[in-house]
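Reader: I've got a two-chain model open and I'm a bit lost. Could you walk me through it?

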Amino acid sequence: MSHEHLENEETIPFFPDQFMREFRVVIGIVVIAVIIGVLGMINPVGLEDPADPFNTPAHVKPEWYFLGLYQLLKFVPKTTGVLIPIVGVVILALWPFLDRKKETSRKPMKVRALVVAIGMIILIALTIWGGVS
Amino acid sequence: MRKQLGRLPIHGSLQKVFLFSFILTTILLASLTFHVLANQSPPQNQLSASTSAQTPSLTSVEYLLKNSLQPQRSISATLPPPKQDPCLHCHITGENKNLWTPLARWAIFGTMGLIFAFGMYRTGSVILNRKTWKPLTNRTVEWVDERYEISEPLTKVLRKPVPKYALRWFYCLGGITAFLFVVQGVTGIMLAFYYKPTPEAAYASIQFIETQVRFGAAIRAIHHWAANGMIIMCTAHMLRVFIMGAYKNPREMNWVSGVLLLVLTLAFGFTGYLLPWDQRAFWATTVGSEIAGSIPIIGNLALVFLRVGWNVTGETLSRFYALHVIIIPILTVTFMFSHFLMVRRQGVMRPL
């Protein structure tokens with residue numbers, strides 16, 4: 001396992017070297033959280049009007065991470081629109097069993113990077129579109 | 001080997017001073033935070049006002065000092081102290097009656113006193129025994145090791161080699177996600193102290209948190225933005241692993257547990273979003289569960305399970321709260337634990 005293939009590698013010990021690197025990252029996140037907290041006291045997150053089951057507001061939108069899916073559902077029939085993310089997640093989860101080829105060069109990595117770039121652009125575009133419409 | 005284990009990863013006394021004062025300041029500030037900003041002074045009724053006007057305003061300490069200076073009299077022979085404002089038991093006359101002042105005082109001066117006492121003990125020990133002082137960290141590790149023999153497994157865990165190719169910045173994304181989960185847990189617990197999960201009280205309890213609780217608005221803002229940050233970091237980590245092909249044999253199950261964790265993170269967001277019970281939350285949940293209802297075959301089951309009925313009601317809020325605070329956290333911790341164990345066992349993949 002890991003202890004075997006690392007005999008020929010250049011390594012650093014977890015403690016104290018890697019631990020201190022991770023500790024500095026943690027401190028960085030804590031600093032960012034404190035800054036968010038201070039800004040939150042100046043400009044709180046706030047609430048909209050209280051929930052009213054009998055009064056649907058004009059523009060109902062889900063949270064930003066579901067906006068892309070929401071926008072997609074406006075063009076695709078409901079059943080298909082619901083099945084796309086479910087099938088997508090299942091394919092994503094089982095991907096290592098679909099792509100088993102042993103890699104010898106860096107070309108597959110570049111192909112995957114391109115696929116990710118295109119996918120992310122589409123997803124972000126759909127999300128922004130869902131946000132403004 | 002044992003001596004090295006007990007060494008702090010900080011060299012230099014000045015840095016140690018900074019570290020300890022940083023920890024001390026954090027503890028003090030933490031003790032000041034997150035308390036309801038209600039009017040702290042007790043109601044001044046007629047009785048207490050008249051008694052405090054008549055009796056001398058001494059603290060019990062001053063009273064004892066004054067009486068103990070008299071010779072041939074023990075403390076037990078003195079009269080009991082006169083009736084006084086009970087606040088003076090902990091506060092000094094005339095000062096602002098903040099609830100945390102005595103605690104802060106005990107903490108600061110108590111810690112200074114303890115450090116001073118320890119310093120005296122250490123100096124005495126060095127002078128009398130004429131030996132270098134063995135640092136406290138070394139002593140603690142040796143004490144534990146004598147009893148539990150943890151030196152070997154601890155060394156194995158702490159000295160685990162990390163390959164140098166795993167030191168680039170994009171290898172931190174998973175750890176950042178995990179730490180953001182911890183941040184969400186801590187801020188979530190603090191919010192849960194004051195949030196009320198009923199349709200009648202939820203909205204008002206969040207307003208209470210934002211206006212009446214000390215740093216409540218800050219805690220809520222951190223919880224809100226760290227939630228978004230956690231989703232972004234989780235996705236970024238997944239994309240990094242995907243691009244680098246680190247999901248391949250033998251790391252398939254690690255990838256599967258990772259995708260599951262991503263779904264759980266989105267579920268966290270979905271369930272947490274309803275909790276403020278404002279218009280946006282209510283109707284976004286209605287639309288969201290409507291979409292779940294259009295899944296073929298199990299659609300109606302999913303809709304009724306989520307909504308606890310056919311409409312979004314107070315029952316829905318209770319169910320989402322239980323999901324958000326108990327069920328999804330337990331599942332997330334379980335899968336994170338297995339995810340970390342697998343990475344630890346198999347190591348980071350060597351890039352081509």
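Reader: How many residues of chain B are in contact with chain A?
Author: Keep in mind that this is a predicted model. Contact here asks for C-beta atoms within 7 Å of each other. On the chain A side 60 residues take part, and on the chain B side the count is 63.

Reader: Which element gives the most to the side of chain B that touches chain A?
Author: Elements giving two or more residues include strand S1 (161-163), helix H8 (173-192) and helix H14 (314-346) of chain B. Helix H10 (216-243) of chain B is on that list too. With 13 residues, the top giver is H10(B).

Reader: How many residues on that side of chain B are nonpolar?
Author: Set aside the 11 polar ones and the 10 charged ones. That leaves the nonpolar group, which has 42.

Reader: What should H10(B) span at 1.5 Å a residue?
Author: H10(B) has 28 residues, and the expected span is 1.5 Å times one less than that number, so it comes to 40 Å. The C-alpha atoms at its ends agree with this, as they are 40 Å apart. Just so you can find the spot, H10(B) is followed by B:Gly245, with a positive phi near 65°. The expected span is 40 Å.

Reader: Which residue is the bridge partner of A:Thr11 in S1(B)?
Author: Strand S1 (residues 11-13) of chain A runs antiparallel to S1(B), and three bridges join them. For A:Thr11, the partner in S1(B) is B:Pro163.

Reader: What distance separates the centres of domain 1 and domain 2 of chain A?
Author: Domain 1 covers 2-42 and domain 2 covers 64-132. Taken over C-alpha atoms, their centres are separated by 30 Å.

Notes. Residues numbered from 1 in each chain as written. Chains lettered and ligands numbered in written order. Predicted model: local features only at pLDDT ≥ 70, side-chain atom pairs only at ≥ 80, totals over all residues. Contact = placed C-beta atoms within 7 Å. Helix = DSSP H or I, 4+ residues; strand = E, 2+ residues; numbered from the N terminus. Nonpolar A, V, L, I, M, F, W, Y, C, P; charged D, E, K, R; others polar. Pairing = 2+ DSSP bridges. Domains from an automatic or database assignment.
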